[in-house]
Amino acid sequence: MGLLKRNPFGHILFIKKWLIRVLGCLTHRRYRGFNELQIEGSEIIKSLPDTNVLFISNHQTYFADVVAMFHVFNASLSGRTDSIKNVGYLWQPKMNIYYVAAKETMQAGLLPRILAYVGAITVERTWRSKGVDVTEKREVNPNDTENIKIALADGWVITFPQGTTKSFKPVRKGTAHIIKQHKPIVVPIVIDGFRRSFDKKGLRMKKKGILQSFIIKEPLAIDYENDTIDEIVEKVEYAIEQHPSFLKVIPAEEIEEQERLNSLRNWEC
């Protein structure tokens, strides 16, 4: 790799690689040490093509969710199965991983700007500003959708289709439009425990000894030509377990299992 070789967004890959290495080493113990990351489905990562893959996930913190994904993806590609043991997998990280993030979030300080260099595709949210829903929706910036298209053509893109860290908020239709237009392989991820481990930004640890779960599901079956936007939205909601039906009565055996997991999450070192 030439020292000045750049990705499609102008980021120097040599700098990006070292940022991933350093930040990965600094954050590794947050998922394996202070807290434990329980991973399922890492074999799916190994079978994916190098480009045009869209990861969809529920969202619990601004940054800790994405950082965990960089760890899991690179560990899986390095041959680890449902594990991020031995951070050496970051020595040769996958360089074409991107994530969609709100522009205002990534410009709020030096550290977010550094994290943005690692792979952020910044977008201007049309429905929300400074953490508050807005009544007058803004027009979608065409450069935002174009940048997502460029990122998919170059590699993998992570997106949080609800556009907020609050649970059971509606999935934004923009994600469905991206899926229908660019026809990526869509891989759902369901995370839990991050909200208890970290503050809202995902930079400061709130509590140690928390079990964090990270489940990678099989790619969605989507008929890109015939599925409507609403049908794709519904598939996404079910896949990331944020459909309103998940709020309904839960069977007793599932409640018992959830209580067991909660007891693990409450365990402190």
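Aspartate 50 and lysine 94 form a salt bridge, their closest N and O atoms being 2.4 Å apart. A salt bridge here is a side-chain nitrogen of Lys or Arg within 4 Å of a carboxyl oxygen of Asp or Glu. The pair links distant parts of the chain, 44 residues apart: aspartate 50 sits in the loop between α2 (42-46) and β2 (53-57), and lysine 94 in the loop between α3 (64-77) and β3 (97-102). Aspartate 50 counts as partly exposed at 47% relative accessibility, whereas lysine 94 counts as buried at 10%. In these terms, buried means under 20% relative accessible area, exposed means over 50%, and partly exposed lies in between (1.4 Å probe, protein chains only).

A word on the basis of these values is useful here. This is a predicted model, in which local features need pLDDT of at least 70 and side-chain atom pairs count only at pLDDT 80 or more, while totals for chains, interfaces and linings use all residues. Residues are numbered from 1 along each chain as its sequence is written, and side-chain values use heavy atoms, with hydrogens and water left out.

Turning to the overall picture, the chain has ten helices and nine strands. Both are DSSP runs numbered from the N terminus, helices being H or I with at least four residues and strands E with at least two. Of the 269 residues, 47% count as buried. Contacts (heavy atoms within 4.5 Å) often span long stretches of sequence: among those between residues at least 6 apart, 72% join residues at least 24 apart. The chain exposes about 13600 Å², and carbon and sulfur atoms supply 55% of this area. Accessible areas come from the Shrake-Rupley method with a 1.4 Å probe, and for residues only the protein chains shown count as cover.

The salt bridges come to six by the rule above. Side chains of opposite charge can pair when their charged atoms come close. One of the bridges joins aspartate 230 to lysine 173, with the closest N and O atoms 3.2 Å apart. Aspartate 230 lies in helix α9 (residues 229-239) and lysine 173 in helix α7 (residues 173-182), so the pair ties together parts that are 57 residues apart in sequence. Aspartate 230 is partly exposed at 49% relative accessibility, and lysine 173 is partly exposed at 46%. Another bridge is formed by glutamate 241 and lysine 217, whose closest N and O atoms are 3.0 Å apart. Here glutamate 241 is in the loop between α9 and α10 (252-266), and lysine 217 is in the loop between β9 (211-216) and α9, 24 residues apart. Glutamate 241 is partly exposed, with a relative accessible area of 30%, and lysine 217 is partly exposed at 23%.

Strand β9 also holds glutamine 212, which is buried with a relative accessible area of 0%. Leaving aside neighbours within four places in sequence, glutamine 212 is in contact with residues including Arg30, Tyr31, Asn35, Asp192 and Phe198.

At the surface, Leu3, Leu4, Phe14, Ile15, Trp18, Val22, Leu26 and Trp91 make a nonpolar patch of about 850 Å². Patches are made of residues with over 30% relative accessible area and no salt bridge, like charges being joined within 9 Å and nonpolar side chains (Val, Leu, Ile, Met, Phe, Trp, Tyr) within 5 Å. Tryptophan 18 is found in helix α1 (residues 13-31) and is partly exposed at 37%.
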